[in-house]
Amino acid sequence: MIAYIHSLQSEWLKKRHSAAAWLTVAGGLFVPLFMLCVRFYYFDQLPKTNAAPDIWEQLYNHAWRYMSFFLLPMGVILTTSLITQLETSNNTWKLLHVTPQRPSIIFLAKLTVILLMLLQFFLLFNIGIYLTGIVPALLVRDVPFPAEAFPWLKYLNGNWQFLITCLPIVALQYLLGLLYRNFLLPLGVGLGLYITAMIVFRWKYSFIIPYIYCVLVFNNSFNPVDRPVSIQVLATGYFLLFSILAYVFYINKKEKG
């Protein structure tokens with residue numbers, strides 16, 4: 001356990017100042033900042049919208065509409081590919097493997113860092129949504145604070161569902177990143193699968209493609225669809241499958257990096 005914690009600390013330090021770290025922060029705050037600018041653009045409507053009894057639900061739906069269809073899957077593909085390629089781009093795989101760390105610990109620590117960055121993204125995104133509702137009232141005298149209490153449980157439940165749908169993308173991009181040294185290959189495969197998923201979006205069996213789960217979860221909140229297996233169960237199954245494949249490949253790879 002101690003070895004894992006030390007390895008995790010080391011991997012966390014490596015991602016500092018990396019493009020993936022900046023992408024996580026920018027991705028988490030971009031949509032809320034955009035929504036805040038739109039709200040101020042329609043300045044005369046601010047008092048009415050902030051006084052609405054469902055203000056938090058409106059902000060949640062608007063934010064996740066932008067995020068689930070494009071930015072979240074793309075951000076997960078990019079961030080996972082960038083983190084997985086850090087050792088390759090710095091040419092430090094061999095140096096890493098001469099350190100007194102078991103390969104299984106290295107594998108788990110790197111995957112944990114990606115998952116922690118995903119949690120960081122969700123945290124920033126929700127703080128951003130909260131500020132989108134609060135900041136107009138702080139800055140403009142005639143704009144009231146939202147009368148409705150912030151629905152933490154509703155937001156947690158919704159975020160949990162979106163988080164689960166991201167896991168298959170994380171695991172498959174991690175597997176591809178370990179398979180290929182070239183950054184563009186995992187990125188290209190990920191983008192190709194995402195585009196394919198969007199093309200077959202209305203196909204009744206589109207749920208077999210894990211890259212579409214964010215969109216399906218958002219649509220399910222408005223138009224529930226009965227499927228033989230829930231999206232969350234499928235996403236968890238894909239995540240376990242891809243993670244096991246990535247582990248087996250990494251452990252049995254003769255030349256790791």
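Which helices each supply at least two residues of the lining of the second largest cavity? In this predicted model, they are α1 and α7, the latter spanning 103–139.

**The cavity and Glu11**

The structure holds two cavities of 30 Å³ or more. The second largest cavity encloses about 50 Å³ of space. Its lining consists of Glu11, Lys14, Lys15, Ile83, Leu86, Lys110 and Val113. Sorted by class, this lining has four charged residues, three nonpolar residues and no polar residues.

One of the lining residues is Glu11, which lies in helix α1, residues 2–14. Glu11 has a relative accessible area of 5% and therefore counts as buried, the cut-off being under 20%. Neighbours within four places in sequence aside, Glu11 is in contact with Glu87, Leu96, Ala109, Lys110 and Val113. Lys110 and Val113 also appear in the lining of the second largest cavity.

**The nonpolar core and helix α8**

The largest nonpolar core has 68 residues. Trp64, Leu72, Leu118, Phe122 and Tyr211 are the residues with the most contacts inside this core. Helix α8, residues 152–179, gives the most to the core, with 14 residues.

When residues up to four places away in sequence are not counted, Phe122 touches Trp64, Leu72, Asn159, Phe162, Leu163 and Cys166. Trp64 and Leu72 are, like Phe122, among the residues with the most contacts inside the core.

Lys154 is also found in helix α8. Is Lys154 buried or partly exposed? Lys154 counts as partly exposed because its relative accessibility is 40%, and that class lies between the 20% limit for buried and the 50% limit for exposed. The C-alpha atom of Lys154 is separated by 38 Å from that of Phe183, with the two positions 29 residues apart along the chain.

**Annotated spans**

An unreviewed UniProt entry lists residues 20–43, 63–84, 105–138, 158–176, 183–203 and 229–251 under "transmembrane region". Two of these spans are described in the table by their helix and strand content and by the distance between their end C-alpha atoms.

| Span | Helix | Strand | Distance between end C-alpha atoms |
|---|---|---|---|
| Residues 158–176 | 100% helix | 0% strand | 29 Å |
| Residues 229–251 | 91% helix | 0% strand | 32 Å |

Some residues named above can be placed against the record. Phe122 touches Asn159, Phe162, Leu163 and Cys166, and the entry lists 158–176 as one of its spans.

Conventions:
Residues numbered from 1 in each chain as written. Predicted model: local features only at pLDDT ≥ 70, side-chain atom pairs only at ≥ 80, totals over all residues. Heavy atoms only, no water. UniProt positions renumbered as here; feature names shortened; annotations may be inferred. Helix = DSSP H or I, 4+ residues; strand = E, 2+ residues; numbered from the N terminus. Buried < 20%, exposed > 50% of the residue type's maximum accessible area, 1.4 Å probe, protein only. Contact = heavy atoms within 4.5 Å. 1 Å grid on protein atoms, 1.4 Å probe; cavity = no way out; pocket = protein on both sides within 12 Å on 5 of 7 lines; lining within 4 Å. Points joined across faces, edges and corners; volume = space filled by probe spheres on them. Nonpolar A, V, L, I, M, F, W, Y, C, P; charged D, E, K, R; others polar. Core = buried A, V, L, I, M, F, W, Y, C linked by side-chain atoms within 4.5 Å.
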